[in-house]
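Me: Hi! Could you help me look through a protein structure? I'm new to this, so plain answers would be great.

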Amino acid sequence: MALDGITTAAIVTELKEKLMGGRIDKVHQPLADEIRFSVRAIGANYKVLASANSGHPRMHITENTRENPMTAPLFCMVLRKHIAGGKIIDICQPNFERIIIIKVESANEMGDMTVKNLILEIMGKHSNLILTDENNKILDSIKRVSHDKSSVREVLPGKTYVFPPSQDKKNPMELEESSFSSLLHVQEGQKIQDFLYKTYTGISPIMAAEICHEAKLDASDACEQMTAEKEHALFTAFSNTMEQVKAGAFSPAVYYQKPGGKILDFGVLPMTQFDGFYAKAYPTVSALLEGFYTERDNAAHIRQKAHDTRRLVMTNIERCVKKKDIQLKTLRDVAGKDKWKLKGELITANIYAIPPNATTFKTVNFYDENMAEIEIALDPTKTPAENAQKYFNKYNKAKRTLAAMEIQQKQNDEELAYLESVLNALDTAKDDADLAEIRTELAESGFIRRQPQKKGQSKPKKAKPMRYISSDGYEILVGKSNLQNDELTLRTAEPTDIWMHTKEIPGSHVIIRTNGKGEVPIPTLEEAANLAAFYSKAKNGSMVPVDYTLRKNVKKPNGAKPGMVIYLTNKTIYITPEEEKVNQMATE
């Protein structure tokens, strides 16, 4: 669910309650489209996140932290100059739009008190965070929009700020039954759900469906089919919804098909259309948005930060695939080496029977049990002995090529398997520490140059394996990179623990901690196999083969790349990965 006007109103209500009168302390810009600032309010300190991310634009109080760049970006420096130390005097939502304005009173260069406006526009891919002065002149924005990008509305320093173009929608906070009825009657051929969200500002399709549900009406009914009784029921449900917004009677919750299952949606008001489904309530709107968006936002952040690493890995994978094709072609070319040896031997055996300057020579192939005749091509410029030597040379060269090619093919296949495992690790990575570990691994393997640690720079945080608990109470650990797989399997796991990995498919090492309990229950084995399949290249497959054995049967060959091991006496279990089961076992 995108943030609609009702969710925006809930955010504004919470921010006003907690931040009004507070002073902005530290301002940071950890990402290109995200600002975080702290507010010292009466009796408490708060951290506020303001994101203009095209996929997850929002503003709310946050508990999470994110690593900041060594040098602050320009927009961050502008905010520090104009609003750091300033007092928040108002927070508003103009015309029930998806816009939040924080008014900050601060001193200018002359020491005079002025008001600056920090404006978040929640508009999908056009979302923006803009700072204006008391005269509505733009001081800067997190995304500058020139005339080349938009001929309708420029967002550049020095330009006058104007609100995004209006769609001539009505403000639902000023709802009146007479005008509501008039507007409804002119919507011929339109569904009542469409009428609600296309006519009134800040009403999303899901909220329009909820209003219809509250009115006990079918959202797909046509407007012209509405009776006076139905019109009144729809207006009453709409009016009651807006009264809850005015009263600040919000009930933030995320709705799931079932506990640990697929998310249906979230809402800041009770969503009766999801009655019968599982609702996870949150104490505040900020807590809901933090819970709902953190994983998605973090995934986008990780994808963005992993972009260059992923491109490097993909380039090397493509190189390995091309090399493999060349090797296979070469193997096909030398596949007939034994025939060249045979021809050399037959020429040698008949060396005195071959006339000078002959271009071909027929003889009996005495190596063939049927003694079939064979025709051998000759170079007329060479003697029979030289022709025989030519075939022997060709045979010996092919023999050397084949021997070298077998070694190169083995090395290339190992490198390709390793790179695919790194690619899978990039898909599994959940935070900056995971990415740092993958880059360290690539540096140790010679794929990228090792970056020297800068003076005063802290060591990267060590990544930890994912931890799950099975339905039988067994702890299950899952590696997120090849280095972590080695650490988990070779140093963390005990000899009697169960080790799992997808059969001949790149994926994570999975360890079931048995604590010496002996045989592991079947449900735990299946749940661990589900994790192994889910965190592998076969995540979207079915009946994925997962090998398992005691950890003591797993060895790492000398010189093997990170994450590469061999194992004996294994069993195999076939499993279709289910994300729902993974979520149910998560400990965090």
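Me: How many salt bridges are there?
Reply: The count comes to 27 salt bridges. Keep in mind that this is a predicted model.

Me: What makes side chains pair like that?
Reply: Side chains of opposite charge can pair when their charged atoms come close.

Me: Okay, which residue does Asp25 form a salt bridge with?
Reply: Its partner is Arg40, and the closest N and O atoms of Asp25 and Arg40 are 3.8 Å apart. Asp25 sits in strand β1 (residues 23-31) and Arg40 in strand β2 (residues 34-41), so this pair links distant parts of the chain, 15 residues apart.

Me: Is Asp25 buried or exposed, or something in between?
Reply: Asp25 is partly exposed, because its relative accessible area is 32%. Arg40 is partly exposed as well, at 42% relative accessibility.

Me: And what about Glu109, which residue does it pair with?
Reply: Glu109 forms a salt bridge with Lys81, with 3.5 Å between the closest N and O atoms. Glu109 lies in the loop between β6 (99-107) and β7 (113-121), while Lys81 is in helix α2 (residues 74-82), so the salt bridge ties together parts that are 28 residues apart in sequence. Both Glu109 and Lys81 are exposed.

Me: Now Lys410 and Glu414: how far apart are they in helix α10?
Reply: They are four residues apart in helix α10 (residues 384-428), so about one helical turn separates them. Their side chains meet in a salt bridge of 3.0 Å, N to O. Lys410 counts as exposed at 53% relative accessibility, whereas Glu414 counts as partly exposed at 41%.

Me: Which residues do salt bridges that share partners join into one network?
Reply: Glu34, Arg36 and Arg66 are joined that way.

Me: Changing topic: how many disulfides?
Reply: The count is zero disulfides. A disulfide is a covalent bond between the sulfur atoms of two cysteines.

Me: Is Cys320 buried or exposed?
Reply: Cys320 counts as buried, because its relative accessibility is 0%. Cys92, at 23% relative accessibility, counts as partly exposed.

Me: Last topic, sheets. What is the order of the strands in the open sheet with β10?
Reply: Three strands form that open sheet in the order β11-β10-β12, with antiparallel pairing. The edge strands, β11 (263-267) and β12 (278-281), each pair on one side only. On average, neighbouring strands of this sheet are turned by 20° against each other, ignoring direction.

Me: How many bridges join β10 to β11?
Reply: Four bridges join strand β10 (residues 253-256) to β11, and the two run antiparallel. You can also spot Tyr256 standing opposite Ile263 in β11.

Key. Residues numbered from 1 in each chain as written. Predicted model: local features only at pLDDT ≥ 70, side-chain atom pairs only at ≥ 80, totals over all residues. Heavy atoms only, no water. Disulfide = S-S within 2.5 Å. Buried < 20%, exposed > 50% of the residue type's maximum accessible area, 1.4 Å probe, protein only. Pairing = 2+ DSSP bridges. Axes fitted to C-alpha atoms, helices over the stretch in contact; angles between N-to-C directions. Salt bridge = Lys/Arg side-chain N within 4 Å of Asp/Glu carboxyl O.
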